[in-house]
Amino acid sequence: MKLLIPKYEGIYRIAADEFRSFWHAMTDERVEAVTEPVGGEDHVVLGGDEEFPFVFELILNGTIPPFGIPIGGDSFVLRSAEIDGHDWLFLAGGRPRALLYAVYAFFEHQGCSYFPDGDRIPKRASLSLKGFDLYERNRFQYRMIRYFAHRGLKRFQAEFWDFEDWKREIDFLVKRRFNLFMLRIGMDDLFQKAFPDIVPYPENGRVPESIPHSYNDRNLFWSLEYRGALRRKILAYARERDLLHPEDVGVVTHWYSRTPQAYLDQAAPRFIPQAGGAYYEPTGRAWDIRDRKNLEAYFKLTETHIREYGSPDIFHTIGLAERMCFPERRENLAFKLYVYRSIISELRKRYPNAPLLIGTWDFSTFWTPEEVTAFIGELDPGRNLIFDYTSDTDDPVNYFMNWGVVRKFPWIFGIFSAYESETDLRGDYTRISERLKIAAADPECRGFALWPECSHSDILLMEYVCRNSWKPEPEQGIRPVIDALCRSRYSGEMQKVMHAVWLEALPVIESRFFIGPVTPRGRMGHEIIFNVLHVKNYRTFTPENLTAHRLTAETMRAAECVLPDLLCTLAAIGLPDEVFVCKDLLDLAKTTLGRALHIHLTHLMLDLEHFRSRISGAAESVRSRLALIESCYEALRDVLACSGDFSLNHTLHALERSAPVYPDFVGTLKADAGNHYCRSYVYELFDMLYLPEFRLYRNYTEEKILREDRGIWDDAEARFPELEQQTEAFYYSAALPGFAPNLSEARRHYKLTMKSIAYKLKGFLP
């Protein structure tokens, strides 16, 4: 068999290399690539009649039907034919990436499957070219994933990925037919390249604008020069595969793109007024574009990124996200509209026809639906898209259905899914699917996006997005996705085993979901399990808080009932050698134990209210609940010890293997992982922060119980911050290597850990 390509360069080289690589991996056979047909051979042809005149002749004489692929689109065909007694297979697409889609689709039909953490490639004695008559057309024009700039564990934080990681990720995007990705991992050396006369490269990785012990500690792990070169390679690799990457435009200084202090010192930009929201630090403030030089400076950053790294095919703006400019709504709205008009007007002078994605985070946070609708009425639908990535919010009012976009204005359906701390399995798939039905049926809905603050945290959600962004089937919900995931990801008997586990875990998975950007959301909240001394809802007893706890308990009741049996199921399976199985079982285990902690911390607050109300037996309930919660923390810690995915030490070593790491970065890594917003399922943080803090909380509570103190416990407001400072002082002074996990020992004890905590939880079932 010969692989026929027009020329061995560009997308044809990439497609040919991928085809030959997969063919060899499956069959151990080598395939020769040729640029002319070879007599007496079977052929796979990469390209259509516009590349090969003889293919047009085959269409003209009726040997094969026309491909019918829209030029410039993402549709593709796989078509078999018998010609002169030999098998021919034609793979063609409407644009370069669609040809790659066709190659990967061929091997998918041969049994291959593709995931963010690797491919599953079965062995075959031979592969057949017969029987293909496949025409694939995408429903959504844009299918995208965003990568964000928080730091912590390498698996979940894209800023820590090296070029090999990014090549694997970009290849995955193409394999699953995405066409756009967003690299939101900081500005790298953009200021240094745009303003070289006033912004120097940092020395020794120290960034003057960093704020210690917070997620604003942006000191470097790799040099900024290296990171700039890495960005260039990543985006060039993506462009070679015809992936789109939007260019940020307008006000681009905010959390993950801080203004260097050197620029502030030299350029001294005037800031916009700010009466509320985030980013009060000068490095996070937005420059006032009423001063023309500030608007020009912002566009200089954009133009520099295009020149050094990008391509002006598509643009993106967040406007003035997460800020109130003026305290009075009318004035605030007028100013934000002025900023949008200024950005769009300047963009159109430079790039008249490029699409602009207008992000909706600010709409969800600081606008009313009526204000959004009025703004959209001013926009040109031919060149602008409303880029909504909060379509899965639990807010029943301020979301896409009430913004005047459905069937009226081009928009994109998006799933935010998770904040930085929420690196577990989650999602209200009933709500997501109901809303996706609206998007799929709306001709004005042009895209499907996934926009979490963490990456690679939820394989079930990823499979849902992959399947529904190309050919949505929202009416089927999540169960067919579980069926498909198990068939494609696991082998042999483990398909049935994992299918049963996923179904059993579904109530646990669906008990937590994206709550939307607007606060307060007391009934669900962020992951308080990592912040017991910090979250006020869990140390005060106002009627509002107690109502929120009761609602949370009710929301999670179905999950609570299955926790012990699910843990027993997971214990019985253990941790098999099959990599995907082991990884997913650990994700299921950590999610289940995380839910157990959330549930029982909620019940603890209700137990404490019973104690305050002098209900009989309440004091003993509080004590036993506290002991159970501590056991859950210890069990979760021991489960996380089974994989380096959850270890800061492993992350640090991985960074060092990729490129030289600044010696004092470990302090920044602690800050990035241990600040209140970003705390997540990190093994070292359990013994360094979470358990010490919980034990202080437990001692405080048991002391109150012992004294029969049934007051309002208002001293917590003073004592808890002081206690928290003590644990943080230990955290930042302790040597990180001393808390590294022992993976082999943890795996030996895994089953016992799971069975033991399951037994304890069973005793607390309602």
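Here are a few friendly notes on the sheet in this predicted model and the helices that lie across it.

1. Let's start with the overall layout. The sheet is open and built from 6 strands, in the order 2-1-3-5-4-8, with mixed pairing. At its edges are strand 2 (32-34) and strand 8, each of which pairs on one side only. On average, neighbouring strands are turned by 20° against each other, direction ignored.

2. One edge is worth a look around strand 2. Strand 1 (residues 2-4) pairs with strand 2 in the parallel sense, over 3 bridges. If you want a place to find this pairing on screen, go to Leu3, which stands opposite Ala33 in strand 2.

3. At the other edge, strand 8 pairs with strand 4 (residues 76-83) in the antiparallel sense, over 4 bridges. Here Phe76 stands opposite Glu136 in strand 8.

4. Which side chains of strand 8 are buried? Along this strand (residues 133-136) the side chains alternate. Leu134 and Glu136 point to one face and are buried, whereas Asp133 and Tyr135 point to the other face and are not buried. Glu136 is thus a residue to view twice: it is on the buried face, and it is the one opposite Phe76.

5. Now for the helices. Helix 2 (residues 53-60) lies across strand 1, strand 3 (43-46), strand 4 and strand 5 (86-93). Its direction is at about 105° to strand 5.

6. Helix 3 (residues 96-109) lies across strand 3, strand 4, strand 5 and the edge strand 8. Helix 3 runs at about 135° to strand 5.

Technical notes:
Residues numbered from 1 in each chain as written. Predicted model: local features only at pLDDT ≥ 70, side-chain atom pairs only at ≥ 80, totals over all residues. Heavy atoms only, no water. Buried < 20%, exposed > 50% of the residue type's maximum accessible area, 1.4 Å probe, protein only. Helix = DSSP H or I, 4+ residues; strand = E, 2+ residues; numbered from the N terminus. Pairing = 2+ DSSP bridges. Axes fitted to C-alpha atoms, helices over the stretch in contact; angles between N-to-C directions. Contact = heavy atoms within 4.5 Å.
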